[in-house]
Every structure is written in C-alpha cells, then in structure tokens.
Amino acid sequence: MKTSLNFKLLGLLALFVLLSACRGAPSERTQIQPIQNMYWQQKFKAFEPNDFFEDRRAMRAPVEGTIPRGFLENDAQIFMGVNMDGSYVETIPIELDLELLQRGQRVYDIYCTPCHGLSGYGDGIVIGRGYVPPPSFHEERVLSMPDGEIHSAIYNGAGSMPSYRHAVGVAEDRWAVVAYIRALQVSQGATDQDLEELGLDRASLQTSDDMYQDMASN
Ligand code: HEC
C-alpha cells in the first residue's frame, strides 16, 4: 500500500517536471501564421515620409480649429464671464466653496499681488518701481462692478493691465480669483459690529497686519 502511494507521488512529480518545461522557447524562425487576420498591415510610422501629401509628412496636423476632447469652451458665461447679449454676468457662474476661495487666494497671491498688493489696495511691489498704479479694489467703482467685469480684467486685461488669460488659463481659477477679491472687499470693509458677530476683535487682527507689513518690507 505504502509503496504504491510512493510510486504514484513519484509519477505525479515526474509529470509536473516534464510539463513545467513545456513553455514556448524563442525561435529565430519566422512564425507560421495560417490565419493572418490583420497581423501585417500597411502603415506609416511616426516621422516617416509619405508621398501622398504635398509636404511628404506621414504625421498630419489636426484640422485647423480642432478642439481636443474636454477643451470645448462653449459656455460664454463661464469661460468669458458674459451673457448672450454681451453684458457682464452679475454673479460668479460656478459653485463657490471654501476650497475654491482658498484656490483663489493662492492664484491671486501669485499673479495679482505684484501690482494690486496682498490686500488689493493697488500697492504692490511693482508700483513702487514706477508701474501705473492700479485702482484699489476697495473703491466704490470696483466694489459695484459685476463679477463678470472683474473676470474680464483677468481674461481681457483692462487699460494698461495686460491680459492674464494665459497665466490663469482655467476658468475655475479665474472665478476663484474673483471670489477672493470679493472676500478681500468684504474683509476690508468689515465694521466693528461684523467682527463682533464673528467673535473677532480688531486688535488681534491688527497684529497679523503688522506682521504682514514686516514681511512686505523685508
Ligand atoms: C502688471 C501689473 C498688474 C498685474 C500683475 C495685475 N494687474 Fe490688474 N490692473 C493693473 C493696472 C495698472 C490696472 C488699471 C488699468 C487701467 O485702468 O488702465 C488694473 C486694473 C484691474 C482691475 C480693474 C479693472 C477696471 O476696469 O478698472 C481689476 C478688476 C484687476 N486689475 C484685477 C486683476 C487681477 C485679478 C489680477 C491677477 C490675475 C491682476 N489684476 C493682475 C495692473 C496689474
């Protein structure tokens, strides 16, 4: 009984060893393919010449005006900040949340502070070097602008301010900046009563403002 079990085991082992050797070995010879299907196809590889076209390039440029998937900017309110009749949209046309506002702060701090200053008073570092001073965001004219007009300053530029369309190329980022400018306006226009309601006091905020000044003068 015991021996026959051992033989069986031995047999299985031998079979295993034999079968495990059965894998495709690389061969130098061309494969024989009885059914070719589409195995061999005429094609051009990248950068190969192609006499069919006048410029002899096999690689063709997309047709002019082609828009890659996901890049269609077909909503004028979102992408340009204007309504169908060309007037500015009154309010930010995308959904606002804290994350977007924080994104706005980041983008504003990078692209807008050199001229408009960290708090939006138009006292950025470049102004001290002789650049045309921008308006303060806290003056009545800018306070009462529709959101779309602020967006337009980024998208189209305004007077001597160049367009920042390419630097801030994503519509959400532009609206995030608009939202942040609105937040700056609210913060700079806050009354003692507003602060009280939020449980803040001017003195503690003033301290951080001094820190800010120190940072700016360094
Ligand atoms: C190179 C300096 C510079 C930078 C950077 C800059 N601006 Fe301006 N901005 C100006 C100047 C100068 C004006 C005033 C233009 C004028 O009235 O001729 C202005 C005006 C504006 C106005 C008011 C437009 C109006 O119709 O009066 C807004 C809003 C504005 N900027 C937003 C921004 C935002 C947002 C950014 C960042 C994405 C930014 N700016 C970056 C220089 C700058």
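With 7 C-beta neighbours inside 10 Å, Asn37 counts as exposed, because the cut-off for an exposed residue is 12 or fewer. Asn37 sits in the loop between α1 (2-20) and α2 (76-79). The model is a predicted one, and in it Asn37 has a positive phi of about 45° although the residue is not a glycine. Most residues other than glycine have a negative phi.

The loop between α1 and α2 also holds Phe47. Phi of Phe47 is positive as well, near 70°, again in a residue other than glycine. Phe47 counts as exposed because 8 C-beta neighbours lie inside 10 Å. The table sets out the two loop residues.

| Residue | Phi | C-beta neighbours inside 10 Å |
|---|---|---|
| Asn37 | about 45° | 7 |
| Phe47 | near 70° | 8 |

**Chain as a whole**

The chain contains 9 helices and 0 strands. From the N terminus on, its elements therefore read α-α-α-α-α-α-α-α-α under the run-based assignment of helices and strands. The radius of gyration is 34 Å, whereas a compact globule of 218 residues would have a value near 17 Å. Along the principal axes, the C-alpha atoms fill a box of roughly 100 × 70 × 40 Å. Of the 218 residues in the chain, 14% are buried. Among contacts between residues at least 6 apart in sequence, 50% join residues at least 24 apart.

**Helix α3**

Helix α3 covers residues 98-111. At 1.5 Å a residue, its 14 residues should span 20 Å, and the end C-alpha atoms are 20 Å apart, so the two values agree. Gly104, Val107 and Tyr108 are buried in α3. These residues cover an arc of only 100° around the axis, which puts them on the same side of α3. The buried residues of α3 pack against α4 and α7 (171-188). On the face of α3 turned away from the buried side are the exposed residues Leu98, Glu99 and Ile110.

**Surroundings of the ligand**

The ligand is surrounded by 21 residues, of which the closest are Cys112, Cys115, Pro134, Gly159 and Met161. Two elements, α4 (113-116) and α6 (147-156), give two or more residues to this shell. Helix α4 thus appears in two settings: in the packing of the buried residues of α3, and in the shell around the ligand. By residue class, the shell divides into 18 nonpolar, 3 polar and no charged residues.

Notes:
Residues are numbered from 1 along each chain as its sequence is written. This is a predicted model: local features need pLDDT of at least 70, side-chain atom pairs count only at pLDDT 80 or more; totals for chains, interfaces and linings use all residues. A residue is near a molecule or strand if its C-beta atom, placed from the backbone, lies within 6 Å of it. Helices (H or I, at least four residues) and strands (E, at least two) are DSSP runs, numbered from the N terminus. Ala, Val, Leu, Ile, Met, Phe, Trp, Tyr, Cys and Pro count as nonpolar, Asp, Glu, Lys and Arg as charged, and the others, Gly among them, as polar. The expected span of a helix is 1.5 Å times one less than its number of residues. A residue is buried if 20 or more other C-beta atoms lie within 10 Å of its own, exposed if 12 or fewer, and partly exposed in between; C-beta atoms are placed from the backbone. The arc is that of the directions from the helix axis to the C-beta atoms. Two residues are in contact if their C-beta atoms, placed from the backbone, lie within 7 Å. The radius of gyration is taken over C-alpha atoms; the globule rule is 2.2 Å times the number of residues to the power 0.38.
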